[in-house]
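Biologist: I would like a close look at the salt bridges in this model. Please give distances, burial and the rules behind each term. Then set them among the helices, rings and surface around them.

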Amino acid sequence: MGTWQLLLVGLVMLLGLLGVVTPGVPGPPIVWAGVLWWSMTDRTALAWAVLAGATGVLLLERVVGWLLPPRRLRGAGITRRAFLVAGVSGIAGFFLIPVLGAVPGFVAGLYGVERRRLGGHGAAWASTRNVMRALGTSVLVELFACLLVVGMWIGAVTAG
């Protein structure tokens, strides 16, 4: 697989990651489609193993997602911009502190936006807790699963 095609697959996966935090955009299927594209082009045992692992992780995420309460962005009292900043912070945290940084990155991004919007620590922290209870957990599970898939892909591309 050429460099340009790898770059395009990476951009598709980035679009999927951003789709997780954008309402109406199906992030996990886009990430999975990127892995499928790569594995169909690469056709090595490692590529098929990554596709199987990605399928398993995203199916497990679906099961966990069904067990969690549904997302309601309007009832949680959060703006789309704040949610997008929190998602991008979670993605950055995943790569700054490998794997474990997604959760603190997401929460810190959400808290930062709420602190700026509300002005004080107490109100911002209460709003962050409210949002995490309402919809943050389900989005965080979805984001973490997609980040694991992208991490598997990056590891396979660098190893192979």
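Modeller: The answer starts with the ground rules, takes the salt bridges next, and then moves outwards.

This is a predicted model: local features need pLDDT of at least 70, side-chain atom pairs count only at pLDDT 80 or more, and totals for chains, interfaces and linings use all residues. Residues are numbered from 1 along each chain as its sequence is written, and side-chain values use heavy atoms, with hydrogens and water left out.

A salt bridge here is a side-chain nitrogen of Lys or Arg within 4 Å of a carboxyl oxygen of Asp or Glu. That rule gives three salt bridges. E61, R62 and E142 are linked in a network.

Take E61 and R62. Their closest N and O atoms are 3.1 Å apart. Burial is read from relative accessible area: under 20% is buried, over 50% is exposed, and in between is partly exposed (1.4 Å probe, protein chains only). E61 is buried, at 4%. R62 is partly exposed, at 34%.

R62 also bridges to E142, with the closest N and O atoms 3.4 Å apart. R62 lies in helix α3 (residues 45-67) and E142 in helix α6 (residues 121-159), so this pair ties together parts that are 80 residues apart in sequence. E142 counts as buried, at 6% relative accessibility. Helices are DSSP runs (H or I, at least four residues), as strands are (E, at least two), numbered from the N terminus.

The E114 and R117 bridge has its closest N and O atoms 2.6 Å apart. The two residues are three places apart in helix α5 (residues 102-118), so about one helical turn separates them. An α-helix has 3.6 residues a turn, so residues three or four places apart point the same way. E114 is buried, with a relative accessible area of 0%. R117 is partly exposed, at 45%.

Back to α3, the helix of R62. It has 23 residues and reaches 33 Å from its first C-alpha to its last, close to the 33 Å expected. The expected span is 1.5 Å times one less than the number of residues. The buried residues in α3 include A47, V50, L51, A54, L58 and E61. Thus E61 of the network appears in that list too.

Contacts link α3 residues to S39. S39 sits in helix α2 (residues 27-42) and is buried, with a relative accessible area of 0%. Contact means heavy atoms within 4.5 Å. Leaving aside neighbours within four places in sequence, S39 is in contact with A47, W48 and L51. Among these, A47 and L51 are buried residues of α3.

Now α2 itself. Its 16 residues should span 22 Å, and its end C-alpha atoms are 23 Å apart, which agrees. The buried residues of α2 are G27, P28, I30, V31, G34, V35, W38 and S39. Just after α2, R43 takes a positive phi of about 55 degrees.

Next, the rings. A pair of aromatic rings is described by the distance of the centres and the angle of the planes. Rings of Phe, Tyr and Trp (its six-membered ring) pair if their centres lie within 6.5 Å; planes under 30 degrees apart count as stacked, over 60 as edge-to-face and the rest as tilted. The structure holds three aromatic pairs. One of them is F83 with F106, edge-to-face, at 6.2 Å centre to centre and 90 degrees between the planes. F83 lies in helix α4 and F106 in helix α5, so the pair ties together parts that are 23 residues apart in sequence. F83 counts as buried, at 2% relative accessibility. F106 is buried, at 1%. The rings of F94 and F95 have centres 5.1 Å apart and planes at 90 degrees, so that pair is edge-to-face. F94 is buried, at 5%. F95 is partly exposed, at 44%.

Last, the surface. W4, L7, L8, L11, L14, L18, L84 and V88 make a nonpolar patch of about 770 Å². The elements giving two or more residues to it are α1 (3-20) and α4 (80-96). The largest share, six residues, comes from α1. L7 is found in α1 and is partly exposed, with a relative accessible area of 45%. Patches are made of residues with over 30% relative accessible area and no salt bridge: like charges are joined within 9 Å, nonpolar side chains (Val, Leu, Ile, Met, Phe, Trp, Tyr) within 5 Å. Accessible areas come from the Shrake-Rupley method with a 1.4 Å probe; for residues, only the protein chains shown count as cover.
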